[in-house]
Amino acid sequence: TTNVWHHIVTVYSSSTNKVTFYLDGIANGTSAALGSWAASTVSVALGRWGENNNFYFNGKIDDARIYNRTLSTAEVMELYKMGGGKVNKTDTVRPTLKSGLVGHWTFDGMDTTVNTTTDRSGSGNNGVRTSTTVAPGKIGQAMKFNGTTGIVRVGQDLFETQNVGTFSAWINMSSFALTNYIFASTVLADGGQLLDFAVGTNGRLTFQHFYSGAGNNNAFSGH
């Protein structure tokens, strides 16, 4: 549904070789991998797929997070509950939700300037804004992406682990006309890596992992 806030999460575990999707705190589908996750050192962005592609996010993103570990079902629910009610700013203190956190962009006023947004994980993956605006969020302030040029570049080496990973964000979409990319690595070179987490035109969550050149692709889909 457009213009409605939803909490979306994808969790990858090498022990099961599966991706589990969560929508508003509830498991929303599991997909098996075609191959193993491999480490990536390419840059990562919010709101756009690839540096040379016109695939963007159209809407608002709030409290975006990347973990280098598998979050439990209870932890995913805790993240969802953080968005309940009227919240003026993001909680960046809870220790259980900081463990393994390698990227956390609150987009709150104190973390955002005209050109940048601070990574509150402590990893230093501060974002550089292009064609984005601030807007009221689900938890404090959000970043609004225009669907055509908006992007926040947030650093490198966020996918170094080969075993596990969790992506989480609050999203409020303005349109389903095109696939909306929430997280994506920004380069795909032969022998390289590309990961993306998106919402398809059918409203389903998708997670893709391209690896070892363009001929290999793990595509996962939620519901």
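1. The largest pocket of this predicted model draws on β12 more than on any other element, with 3 residues of the lining coming from that strand. Two elements, β1 (5–13) and β12 (164–173), each give two or more residues to the lining. The lining comprises 13 residues, and those that lie nearest the centre of the pocket are Thr1, His6, Leu23, Phe176 and Gly203. The space in this pocket comes to about 180 Å³, and its lining, taken by class, has 8 nonpolar and 5 polar residues but no charged residues.

2. β12 also matters for the description of the interior, since the largest share of the largest nonpolar core, 4 residues, comes from this strand. That core has 28 residues, and those with the most contacts inside it are Leu46, Ile61, Ile171, Ile182 and Phe183. A second core, separate from it, has 14 residues, including Val11, Met82, Ala142 and Trp170.

3. Leu46 deserves a closer look: residues up to four places away in sequence left aside, Leu46 touches Ala64, Trp105, Phe107, Phe145, Ile151, Val152, Val154, Ile182 and Phe183. Two of these partners, Ile182 and Phe183, are themselves listed with Leu46 among the residues with the most contacts inside the largest core.

4. Phe107, another partner of Leu46, is placed in the loop between β6 (101–105) and β7 (116–117). Is this loop residue buried or exposed? Phe107 counts as buried because its relative accessible area is 0%, where the cut-off for buried is under 20%. With residues up to four places away in sequence not counted, Phe107 touches Leu46, Ile61, Asp62, Asp63, Ala64, Thr112, Thr117, Gln141, Ala142 and Met143. Phe107 and Val134, which are 27 residues apart in sequence, have their C-alpha atoms 7.7 Å apart in space.

5. Val134 leads on to the strand pairing, for its bridge partner in β10 is Met143, a residue that Phe107 also touches. Strand β9 (residues 132–136) pairs with β10 in the antiparallel sense over 5 bridges. The hairpin of these two strands has 4 residues between them, and within this hairpin Gly140 takes a positive phi near 75 degrees.

6. Strand β10 (residues 141–146) pairs in addition with strand β5 (residues 58–67), again in the antiparallel sense and over 4 bridges. Here Gly59 stands opposite Phe145 of β10, and Phe145 is one of the residues that Leu46 touches.

7. Asn180 offers a polar counterpart to the residues above, and its place is in strand β13 (residues 180–185). Asn180 is buried because its relative accessible area, 2%, falls under the 20% cut-off. Neighbours within four places in sequence left aside, Asn180 is in contact with Tyr56, Phe57, Asn58, Met173, Ser175, Ala198 and Val199. Between Asn180 and Gly203 there are 9.4 Å in space, C-alpha to C-alpha, at a separation of 23 residues in sequence; Gly203 is also one of the residues nearest the centre of the largest pocket.

8. As for the protein overall, there are 1 helix and 16 strands, and buried residues make up 52% of the 223 residues. Of the contacts with a separation of 6 or more, 60% are accounted for by residues 24 or more positions apart.

Notes:
Residues numbered from 1 in each chain as written. Predicted model: local features only at pLDDT ≥ 70, side-chain atom pairs only at ≥ 80, totals over all residues. Heavy atoms only, no water. Pairing = 2+ DSSP bridges. 1 Å grid on protein atoms, 1.4 Å probe; cavity = no way out; pocket = protein on both sides within 12 Å on 5 of 7 lines; lining within 4 Å. Points joined across faces, edges and corners; volume = space filled by probe spheres on them. Core = buried A, V, L, I, M, F, W, Y, C linked by side-chain atoms within 4.5 Å. Buried < 20%, exposed > 50% of the residue type's maximum accessible area, 1.4 Å probe, protein only. Contact = heavy atoms within 4.5 Å.
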